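User: I'd like to learn how to read a model like this one, feature by feature. Can you walk me through it?

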Amino acid sequence: MKTPPLLIGAALLFWGWQAEALLPAAVIAALLEGAHRLQWRWNLSAADFSRTADLCTGLFVLVTAYVVFSVGLPHAVVAAVKWLPAVLLPLMAAQAYSMAQAVPLSALFFTMRRQEPTGLADFKVDLGYPYFVVCILAAGAANTRSEWFYPCVVALAGWALWPRRRAGTLGLWCVLFGLAGAVGYASHAGLHQLQLAFEGAVVDWLSLSGQRTDPYRSSTDIGTIGELKLFDHIVLRLESPQPLDRPLLLHRASYDQYASPTWLARDAQLVALRPEAGGHGWRLRSDAPLLRRVTIWTDFPRGTGVLALPSGTVRIEGLAGAEVKHNRLGVVQAEQRAGRASYDAVFGTAEGGDPPREADMRVPRAEAATLERIVAQLGPRGRPPREIVAIVERYFREKFQYSTYQKTRGGEGTPIGRTPIGHFLLASRAGHCEYFATATVLLLRAAGVPARYATGFSVQELSRLEGVYVVRERHAHSWVRVYFDGAWHDLDTTPPTWFAVEQQSAPFWGPAADLWSWLSYRMARAGGAEGGAGGYAAWIMLLLVLYLAWRLYRKQRVSVANEARGAAAVTRAGAGRDSEFYLVEKRLAELGYARDTGEPVRSWLGRIGRTFPHPELLPVLGKLVALHYRYRFDPVGLDADERQRLSAGIMEWLDQFKAAS
Amino acid sequence: MKHFLYLNFRVVSAWQHWLMRRFTAAGRLALAALVASAVVGVDTNQTMAYQVFTFVVGLLAVAVCGSLLFKGRFEVRRLAPKLATVGEPCSYQVQVSNVGDRAFEGLSLLEDQADPRPSLSEFLAASDPVGERRNAFDRAVGYHRWARLVARRRRAAIPEQGVPHLASRSEVELRMGFTPEHRGSLRLTGITIARSDPLGLFRGLLAHRAPHTVTVLPRRYRLPAIGLPGRRMYQHGGVTLASSVGDSEEFMSLRDYRPGDPLKRIHWKNFARVGKPVVKEYQDEFFERHALVLDTYAGRGRDSVFEEAVSVAASLASTIDTQECLLDLLFVGNQAYCYTGGRGQLRTENLLEILAGVQLCSEHEFSLLRQSVLGRRVQLSSCILILLAWDGPRQELVQSLRALGLPLLVLVIAEPDRAPAGIPDWISVLEVGKIQQGLARL
């Protein structure tokens with residue numbers, strides 16, 4: 001299947017537009033479409049095609065390795081697809097400028113090169129349409145979210161399908177194609193909505209669970225699981241000028257309302273923060289002293305993500321081009337390009353934020369009796385908040401222990417009429433951080449101190465390999481934000497042993513995974529943004545292809561044009577094989593008027609003349625056959641004028657035949 | 001595991017067959033684009049390829065619906081030959097009549113072939129001649145074995161043929177053709193008329209039952225004139241067995257009936273005259289009788305060697321002039337077979353048809369072939385042995401025949417560059433891929 005002229009060029013320009021690489025795409029398009037204008041070709045063997053295909057494979061491996069290191073999995077898959085049109089350029093150029101105008105199947109499948117020669121391995125395929133599809137998919141992978149994407153895809157597809165339509169169905173084709181476009185448009189909007197709904201329903205098991213934080217809702221595992229699942233994947237890195245003397249809590253979100261087993265944030269709309277001059281800094285508070293600075297490297301797989309920040313963060317720097325929002329509960333969210341990013345957090349002592357509200361004192365009715373009983377035992381009511389906090393902290397430190405295992409799977413084993421938190425406080429006295437944080441918040445509230453449930457990470461692990469602090473998914477943590485002395489303070493009542501307990505779950509391949517993670521982190525640091533480097537990659541590949549083309553051009557160019565301009569005859573061996581008459585033969589064969597092997601052309605025309613639907617066209621063809629015979633078999637051949645007459649005559653005949661059909 | 005793989009291959013093969021018949025080339029590309037866009041666009045937030053996906057879904061859905069509009073009344077008649085030969089193009093005519101009131105454009109004819117998928121036992125017993133060159137995964141999964149078996153059982157791939165404009169109540173005559181790739185029976189079950197939907201992606205099919213079997217004869221090589229040596233031998237049974245081959249029937253005398261004499265030899269007039277059965281006695285029959293012995297013990301992974309041996313046997317069977325002699329074709333399948341060609345017996349085409357169906361023997365020992373050949377030693381003038389190896393049993397057979405003084409032509413078929421060691425000079429070794437050159441030296 002040959003593609004219509006300019007279709008590949010248009011698809012490439014569309015890809016370049018979407019991938020923000022318009023100039024390289026235009027050069028590639030000119031290179032490939034230029035083959036229609038240029039008359040010279042290379043006589044490439046199957047081995048040459050195999051080598052070219054291997055070159056493309058090598059380029060693809062390089063590009064994939066680069067994007068894996070720079071943006072990490074799984075985004076690397078999409079990022080690699082984005083640059084496929086450039087990666088496949090050598091093979092497409094080889095096809096466009098080869099005598100065969102097609103690629104042997106053995107070049108595409110390595111196993112076919114080593115096996116017994118079969119008809120399949122020698123089979124040649126035209127990669128025009130597959131490359132067209134690759135360009136469209138690569139444009140989609142660029143993810144510009146442009147409203148022009150779909151209309152352009154439909155238009156290009158229409159262009160591609162137009163020559164393949166069934167004859168005599170012009171009106172019906174237009175109706176059906178329009179219908180297909182409408183169906184596609186309606187369903188792609190629905191599909192996107194479906195995914196959003198699906199994600200809302202099953203947030204955490206779609207991987208990235210440690211990376212994603214919903215500022216309005218936090219589902220806990222309280223009362224629902226047996227063994228807590230812990231993941232070892234590094235999710236962020238923290239560079240601190242001074243070593244940390246104690247674990248640093250990186251806050252991501254706080255919640256004020258508990259509806260077992262979920263924490264919710266009500267009335268906490270995110271509002272945009274105005275960037276400071278230069279657009280690289282955002283100030284969260286204006287009244288706090290700046291004490292320390294840390295740099296955080298993390299991944300924003302979806303572009304939008306909640307920032308992990310130390311308590312008391314006053315200012316955020318970096319995140320060029322991002323839009324930053326925050327809410328009254330201390331959540332800071334950045335909207336920017338998907339991929340890796342770094343930002344600096346400058347922080348002081350205590351968190352500012354809004355003063356407590358009624359919701360920060362609310363205790364669920366189901367837990368009230370249990371909490372009242374414990375408060376009565378501890379007797380803190382009426383004391384200053386700081387003392388109450390100390391009592392509660394001591395209570396948990398002395399009476400409770402850390403455990404990632406809960407016997408009460410699905411509530412089983414919990415006495416009837418008792419909640420999981422009640423069971424934790426009165427009976428089991430063992431649980432993971434969500435139990436401790438939730439129970440502490442509720443107990444403080446019951447004792448009259450405003451408190452919130454906070455989630456984020458605990459930074460404790462200094463990587464000897466990298467020299468920075470690394471934070472893994474299993475370092476995700478929850479704690480309490482408690483309000484006293486006019487500010488919100490972090491309170492972590494989970495026994496400090498939790499870190500060591502969870503460390504035991506590190507897999508044996510952890511060091512290898514850490515090494516891979518470090519390499520990709522270093523690559524990302526060295527390469528900057530993936531998009532910019534990808535653009536360079538396209539240019540490098542283009543230059544490489546041009547260099548190879550020049551080498552080939554110098555080495556084994558074969559002209560199929562009438563090189564001896566004005567020369568009287570075409571005398572090379574195998575002359576006439578490019579006669580346009582074969583187009584007529586092919587077209588008629590497609591319609592069922594195939595010429596038998598060895599059947600003379602004139603006999604063939606005589607035979608089909610009896611059933612040919614347009615017999616008036618056959619005499620013209622008979623005259624062209626004479627020229628074709630001379631071009632094909634006469635040792636003297638045709639002069640330039642006659643050759644032109646043959647070519648133009650055949651094309652004109654084909655047009656007439658098409659119009660008559 | 002192998003059972004699972006077999007079922008898997010069966011399902012995939014059926015699906016592939018359906019896909020190739022139902023989808024046009026553009027449709028298959030659309031299907032590939034559908035899969036690729038589903039993979040790339042699985043996350044609608046990360047890429048916009050999901051829009052490509054839904055559009056292609058729309059295209060294919062509309063195309064499938066459009067193909068349902070294909071209705072028509074046709075009559076199809078195939079004028080196909082009964083015999084074809086491996087490697088030689090075979091063409092035949094098909095008459096398509098449109099008996100409806102609508103004219104049709106863009107039709108195609110597809111031959112329906114019998115299901116070529118092998119049985120489980122065939123799949124398990126099959127071997128891959130280039131298995132040692134494949135990687136461990138390919139060897140373990142065995143897809144190449146499956147593909148090879150399917151191709152072998154299919155005999156030939158018959159390309160579809162476009163139908164010219166077919167006016168209402170009119171008939172067109174088309175020429176279809178194929179080149180057989182493997183010997184055996186090529187079973188055609190019917191002819192299907194296909195027409196793509198207006199978008200050119202999916203085809204509507206109308207099947208017509210038209211069973212026909214083409215016997216694909218083995219590939220044959222050109223042979224030089226072979227002068228078979230040997231003298232005429234007494235043939236028990238004489239002309240009743242060999243018709244007019246050898247000396248003409250000549251009455252010699254009468255004698256008393258002996259148990260076992262055929263009734264047709266009783267001289268009824270004398271019987272009536274003397275009151276006891278008397279039979280006519282004829283001069284004994286002497287004529288040349290040659291044996292063409294085909295070794296069917298190839299072992300696993302030597303299919304190509306066996307196929308070449310069958311081709312060489314077919315070449316000899318079709319070249320040897322059997323007007324003045326008999327030619328016994330001996331081989332072992334599920335039992336020892338002997339088919340005799342020559343005047344009054346089987347014709348050359350019959351021998352070739354028999355060779356088209358010869359299979360490797362795995363049930364019996366080589367000694368059965370030896371017994372079969374030596375059992376006929378008294379009648380034979382000469383013997384042509386086509387052997388697949390040069391091991392002890394085969395050497396023993398050759399020595400036994402030489403000890404009888406029987407003129408021998410021994411051909412050993414071998415893989416390229418793997419000629420067996422220790423073969424005497426008078427024995428010809430034919431290498432796969434160079435059979436024609438080897439035969440030219442005979």
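Analyst: Let's start with a term: a contact here means heavy atoms within 4.5 Å. Keep in mind that this is a predicted model. In chain B, residues 24 or more positions apart account for 73% of the contacts with a separation of 6 or more.

User: What helices and strands does chain B have, and how much of it is buried?

Analyst: Chain B has 13 helices and 17 strands. Of its 442 residues, 50% count as buried.

User: Now the interface. How do I read the area buried between chain B and chain A?

Analyst: The general idea is that the size of an interface is often given as the accessible area lost when the parts come together. Here, about 4,300 Å² is buried between chain B and chain A, and carbon and sulfur atoms give 64% of that. On the chain B side, B:Met48, B:Phe55 and B:Pro198 lose the most area to chain A, together 17% of what that side buries.

User: How many residues does each chain bring to the contact?

Analyst: Chain A brings 55 residues and chain B brings 46.

User: And what sort of polar pairing is there across the interface of chain B and chain A?

Analyst: The rule finds zero salt bridges across it. There are, however, six residue pairs in polar contact between chain B and chain A, counting pairs with both residues at pLDDT 80 or more. As for where the chain B side comes from, helices H2 (25-40), H3 (49-67) and H6 (143-154), along with strands S5 (161-163), S6 (170-178) and S7 (184-196), each supply at least two residues. H3(B) gives the largest share, ten residues. Sorted by class, the side of chain B that touches chain A has 22 nonpolar, 15 polar and nine charged residues.

User: Zero salt bridges across the interface, then. How many are there over all chains?

Analyst: Side chains of opposite charge can pair when their charged atoms come close. By the rule used here, the count is 37 over all chains. Take A:Glu335 and A:Lys325, whose closest N and O atoms are 3.2 Å apart. A:Glu335 is in strand S16 (residues 332-335) of chain A and A:Lys325 in strand S15 (residues 323-326), ten residues apart.

User: Why does A:Glu335 count as partly exposed?

Analyst: Because its relative accessible area is 25%, and partly exposed covers the range between buried, under 20%, and exposed, over 50%.

User: Which salt bridge does B:Arg183 form, and where are the two partners?

Analyst: B:Arg183 meets B:Glu307, at 2.8 Å from N to O. B:Arg183 is in the loop between S6 and S7 of chain B, while B:Glu307 is in helix H9 (residues 303-319), 124 residues apart. B:Arg183 counts as buried because its relative accessibility is 7%. B:Glu307 is at 21%, so that one counts as partly exposed.

User: Can you show me another one in chain B?

Analyst: Try B:Glu415 and B:Arg302, also in a salt bridge, 2.8 Å from N to O. They are 113 residues apart: B:Glu415 is in the loop between strand S16 (408-414) and strand S17 (428-431) of chain B, and B:Arg302 is in the loop between strand S12 (286-294) and H9. Both B:Glu415 and B:Arg302 are buried. Salt bridges can also share partners, and in chain A that joins A:Arg293, A:Arg315, A:Glu317 and A:Asp344 into one network.

User: How is the sheet that holds S15 and S16 of chain A put together?

Analyst: In a regular strand the side chains alternate between the two faces of the sheet. This one is an open sheet of four strands in the order S9-S15-S16-S12 (chain A), with antiparallel pairing. S9 (271-272) and S12 (304-306) are the edge strands, each pairing on one side only. S15(A) and S16(A) are joined by four bridges. The bridge partner of A:Lys325 in S16(A) is A:Gln333.

User: Last one: what joins S23 to S24 in chain A?

Analyst: Five bridges join S23 (residues 476-484) to S24 (residues 487-491), and the two strands run antiparallel. A:Val480 stands opposite A:Leu491 in S24(A). S23(A) and S24(A) form a hairpin with two residues between them, and A:Asp485 in the turn has a positive phi of about 55°.

Terms used. Residues numbered from 1 in each chain as written. Chains lettered and ligands numbered in written order. Predicted model: local features only at pLDDT ≥ 70, side-chain atom pairs only at ≥ 80, totals over all residues. Heavy atoms only, no water. Pairing = 2+ DSSP bridges. Buried area = accessible area lost by both parts, 1.4 Å probe. Salt bridge = Lys/Arg side-chain N within 4 Å of Asp/Glu carboxyl O. Polar contact = N/O pair within 3.5 Å; in protein donor to acceptor, adjacent residues only side chain to side chain. Nonpolar A, V, L, I, M, F, W, Y, C, P; charged D, E, K, R; others polar. Buried < 20%, exposed > 50% of the residue type's maximum accessible area, 1.4 Å probe, protein only.
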